[in-house]
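Trainee: Could you take a close look at one part of this protein with me? I would like to start with charge on the surface and then follow the charged side chains from there.

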Amino acid sequence: TSVTATVTVTDAAGLTDTQDVTVTVTDVNDNAPVFADVNYDITIVENTKGPTLLETTDADTGSTVTYSLSGADAADFEIVSNTLALKEAADFETKSSYAVTVTANDGVNSTPQAVTYTITDTNDNAPRFELLGSEIEIEENKYDVITLTTTDLDTTNDTVEYSVIGADSSYFTITPVGGLFITPVDFETGITRYDITVTASDGINSTDKPLTVIITDANDNAPVFADVNYDI
């Protein structure tokens with residue numbers, strides 16, 4: 001930027017002279033970078049890194065802006081090509097929010113900008129069976145029921161459906177809410193165990209649980225005398 005003016009001088013005799021004067025103003029780096037006016041409270045879906053483009057302006061000409069990170073979660077972030085992102089894909093079940101401060105520096109002046117990442121949950125975990133061992137004992141002749149219960153780390157889905165498969169699955173019925181019923185069986189017929197697999201599904205993810213059902217004997221038969229001649 002420059003300003004030009006004409007300076008005129010006059011002496012006592014009335015003689016004058018003029019001279020053009022140009023004043024050129026050179027820029028100095030006296031303005032800090034300014035972050036773009038966007039929302040820095042950012043929501044991202046888990047299993048993504050949430051890349052965010054960092055944009056700044058600087059009133060000074062020819063300034064070069066660089067970025068640095070600080071704050072509690074700075075170690076979890078990186079900046080590549082002016083883009084802020086998590087180093088690893090977010091896992092809602094491990095950490096649901098991050099806070100970091102990004103500082104823009106033009107070599108002389110700097111501006112901090114607080115950034116938060118809020119992680120939203122997705123259905124990426126399978127249900128887990130609770131309090132269910134690999135073997136269950138059931139007394140013969142009983143139409144018994146086993147209640148299947150599961151937990152799911154995801155908050156986005158609380159509906160779990162159950163099914164039963166395997167060579168002996170025809171002896172069982174299962175309700176959608178996890179009631180496993182067994183058809184009554186007579187121990188004395190030689191059936192002493194069943195091998196099945198129960199499955200819990202949340203619509204996307206599923207867990208199989210192999211299960212052995214042991215049939216135990218009950219005192220349900222009267223004594224029988226030996227087939228001998230009792231006319232003694």
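Which residues gather in a patch of negative charge on the surface?

Mentor: Happy to! Keep in mind that this is a predicted model. The patch of negative charge on the surface is made by Asp186, Glu188, Asp217 and Asp220. Let's pause at one of them, Asp220. You will find Asp220 in the segment after strand E20, which covers residues 206-216. Asp220 has a relative accessible area of 36%, so it counts as partly exposed.

Now for charged side chains with a partner. Side chains of opposite charge can pair when their charged atoms come close. In this structure there are 3 salt bridges, and we can visit them in turn.

Start with Lys95 and Asp73, whose closest N and O atoms are 3.6 Å apart. This pair links distant parts of the chain, with the two positions 22 residues apart in the numbering. Lys95 sits in the loop between strand E9 (83-86) and E10, while Asp73 sits in the loop between strand E7 (66-70) and strand E8 (77-80). The two partners are covered to differing degrees: Lys95 is partly exposed because its relative accessible area is 29%, whereas Asp73, at 12%, is buried.

Next come Lys142 and Glu139, whose side chains meet in a salt bridge at 3.8 Å, N to O. Lys142 is partly exposed with a relative accessible area of 42%, and Glu139 is partly exposed too, with 34%. While you are here, look at Asn141, in the loop between strand E13 (135-139) and strand E14 (145-147). The phi of Asn141 is near 70°, a positive value in a residue other than glycine. With 39% relative accessibility, Asn141 counts as partly exposed.

The remaining pair to visit is Asp195 with Arg193, where the closest N and O atoms are 2.9 Å apart. Asp195 is partly exposed at 33% relative accessibility, and Arg193 is partly exposed with a relative accessible area of 44%.

Asn141 has a counterpart worth finding: Asn82 also has a positive phi, about 60°, although it is not a glycine. Look for Asn82 in the loop between E8 and E9. Its relative accessible area is 37%, so Asn82 is partly exposed.

For contrast with all this charge, turn to the nonpolar side chains. Val3, Val7, Val9, Val21, Val23 and Val25 form a nonpolar patch on the surface, with about 480 Å² of accessible area together. Strand E1 (2-10) and strand E2 (16-24) are the elements that give two or more residues to this patch, and E1 provides the largest share, 3 residues. Val9, for instance, lies in strand E1 and is partly exposed, at 49% relative accessibility.

Finally, meet a valine with a different setting. Val100 lies in strand E10, residues 97-105, and its relative accessible area is 3%, so Val100 is buried. Leaving aside residues up to four places away in sequence, Val100 touches Leu69, Ser70, Ala74, Phe77, Leu84, Gln113, Ala114 and Val115. To get a feel for distance across the model, go from Val100 to Thr197: these two are 97 residues apart in sequence and 47 Å apart in space, C-alpha to C-alpha.

How values were computed
Residues numbered from 1 in each chain as written. Predicted model: local features only at pLDDT ≥ 70, side-chain atom pairs only at ≥ 80, totals over all residues. Heavy atoms only, no water. Patch = residues over 30% accessible without salt bridge, like charges linked within 9 Å, V, L, I, M, F, W, Y side chains within 5 Å. Areas by Shrake-Rupley, 256 points an atom, 1.4 Å probe, with all protein chains shown as cover. Salt bridge = Lys/Arg side-chain N within 4 Å of Asp/Glu carboxyl O. Lys, Arg positive; Asp, Glu negative; His and termini not counted. Charge placed at Lys NZ, Arg CZ, Asp CG, Glu CD. Helix = DSSP H or I, 4+ residues; strand = E, 2+ residues; numbered from the N terminus. Buried < 20%, exposed > 50% of the residue type's maximum accessible area, 1.4 Å probe, protein only. Contact = heavy atoms within 4.5 Å.
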